[in-house]
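Here is a quick walk through a small set of structural features, residue by residue. Have a look at the model before reading on.

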Amino acid sequence: MNEWRESAVGLGLVFGTAAGMIISLLFGFTVAYGIVVGSIIGYLIGLIISIRAMKQ
(Lines give C-alpha, C1' and ligand atoms only; values in the text may rest on other atoms or scores of the structure.)
Protein backbone atom coordinates (compact mmCIF):
# COMPACT_ATOMS: atom_id res chain seq x y z
CA MET A 1 0.00 0.00 0.00
CA ASN A 2 2.92 2.36 0.70
CA GLU A 3 4.10 2.20 -2.91
CA TRP A 4 0.66 3.23 -4.12
CA ARG A 5 0.64 6.32 -1.90
CA GLU A 6 4.09 7.35 -3.10
CA SER A 7 3.07 6.89 -6.71
CA ALA A 8 -0.06 9.02 -6.17
CA VAL A 9 2.12 11.92 -5.09
CA GLY A 10 4.54 11.32 -7.97
CA LEU A 11 1.78 11.11 -10.54
CA GLY A 12 0.25 14.27 -9.12
CA LEU A 13 3.57 16.03 -9.63
CA VAL A 14 3.93 14.77 -13.19
CA PHE A 15 0.40 15.56 -14.31
CA GLY A 16 0.39 18.90 -12.47
CA THR A 17 3.64 19.94 -14.12
CA ALA A 18 2.37 18.94 -17.55
CA ALA A 19 -0.92 20.76 -17.00
CA GLY A 20 0.95 23.86 -15.80
CA MET A 21 3.09 23.87 -18.94
CA ILE A 22 0.08 23.53 -21.22
CA ILE A 23 -1.91 26.22 -19.39
CA SER A 24 1.02 28.64 -19.42
CA LEU A 25 1.46 28.14 -23.16
CA LEU A 26 -2.26 28.65 -23.79
CA PHE A 27 -2.51 31.83 -21.73
CA GLY A 28 0.86 33.26 -22.69
CA PHE A 29 2.73 33.64 -19.41
CA THR A 30 6.15 32.35 -18.42
CA VAL A 31 6.42 28.56 -18.62
CA ALA A 32 8.48 28.40 -15.41
CA TYR A 33 5.60 29.88 -13.41
CA GLY A 34 3.20 27.38 -14.96
CA ILE A 35 5.49 24.49 -14.06
CA VAL A 36 5.85 25.66 -10.45
CA VAL A 37 2.15 26.33 -9.90
CA GLY A 38 1.12 23.12 -11.66
CA SER A 39 3.55 20.99 -9.68
CA ILE A 40 2.40 22.51 -6.38
CA ILE A 41 -1.24 21.85 -7.20
CA GLY A 42 -0.44 18.34 -8.44
CA TYR A 43 1.57 17.58 -5.31
CA LEU A 44 -1.27 18.73 -3.07
CA ILE A 45 -3.81 16.64 -4.96
CA GLY A 46 -1.56 13.58 -4.78
CA LEU A 47 -0.96 14.19 -1.08
CA ILE A 48 -4.68 14.44 -0.37
CA ILE A 49 -5.31 11.20 -2.26
CA SER A 50 -2.57 9.39 -0.34
CA ILE A 51 -3.78 10.69 3.04
CA ARG A 52 -7.33 9.62 2.27
CA ALA A 53 -6.03 6.19 1.28
CA MET A 54 -4.15 5.91 4.59
CA LYS A 55 -7.30 6.58 6.59
CA GLN A 56 -9.19 3.73 4.94
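Is Val-31 buried, partly exposed or exposed? With a relative accessible area of 29%, Val-31 comes out as partly exposed, because that label covers everything between the buried cut-off of under 20% and the exposed one of over 50%. Keep in mind that this is a predicted model.

**The overall picture**

Let's step back to the chain as a whole. There are 2 helices and 0 strands in the chain. Helix H1 takes in residues 2-27, and helix H2 runs over residues 31-55. Of the chain's 56 residues, 25% count as buried. The accessible surface adds up to about 4,200 Å², and carbon and sulfur atoms own 75% of that. As for contacts, take those with a separation of 6 or more: 53% of them join residues 24 or more positions apart.

**Three residues side by side**

| Residue | Helix | Relative accessible area | Class |
|---|---|---|---|
| Ile-23 | H1 | 40% | partly exposed |
| Val-31 | H2 | 29% | partly exposed |
| Gly-46 | H2 | 0% | buried |

**Val-31 and its company**

Val-31 belongs to helix H2. Setting aside neighbours within four places in sequence, Val-31 makes contact with Met-21, Ser-24 and Leu-25. Gly-20 is worth a look too: its C-alpha sits 7.8 Å from that of Val-31, with the two positions 11 residues apart in sequence terms.

**Gly-46, with nothing showing**

Gly-46 is also a helix H2 residue, but here the relative accessible area is 0%, so Gly-46 is buried. Which residues does Gly-46 touch, once those up to four places away in sequence are left out? The answer is Ala-8 and Val-9. Leu-11 can be placed by distance as well: the C-alpha atoms of Gly-46 and Leu-11 are 7.1 Å apart, although 35 residues separate them along the chain.

**A nonpolar patch on the surface**

Now for the outside. Ile-22, Ile-23, Leu-26, Phe-27, Phe-29 and Tyr-33 make up a nonpolar surface patch, and together they offer about 710 Å² of accessible area. Which helix supplies the largest share of the nonpolar patch? That is helix H1, with 4 residues. One of the patch members, Ile-23, lies in helix H1. At 40% relative accessibility, Ile-23 counts as partly exposed, and it therefore clears the over 30% cut-off for patch residues.

Key. Residues numbered from 1 in each chain as written. Predicted model: local features only at pLDDT ≥ 70, side-chain atom pairs only at ≥ 80, totals over all residues. Heavy atoms only, no water. Patch = residues over 30% accessible without salt bridge, like charges linked within 9 Å, V, L, I, M, F, W, Y side chains within 5 Å. Areas by Shrake-Rupley, 256 points an atom, 1.4 Å probe, with all protein chains shown as cover. Salt bridge = Lys/Arg side-chain N within 4 Å of Asp/Glu carboxyl O. Buried < 20%, exposed > 50% of the residue type's maximum accessible area, 1.4 Å probe, protein only. Contact = heavy atoms within 4.5 Å.
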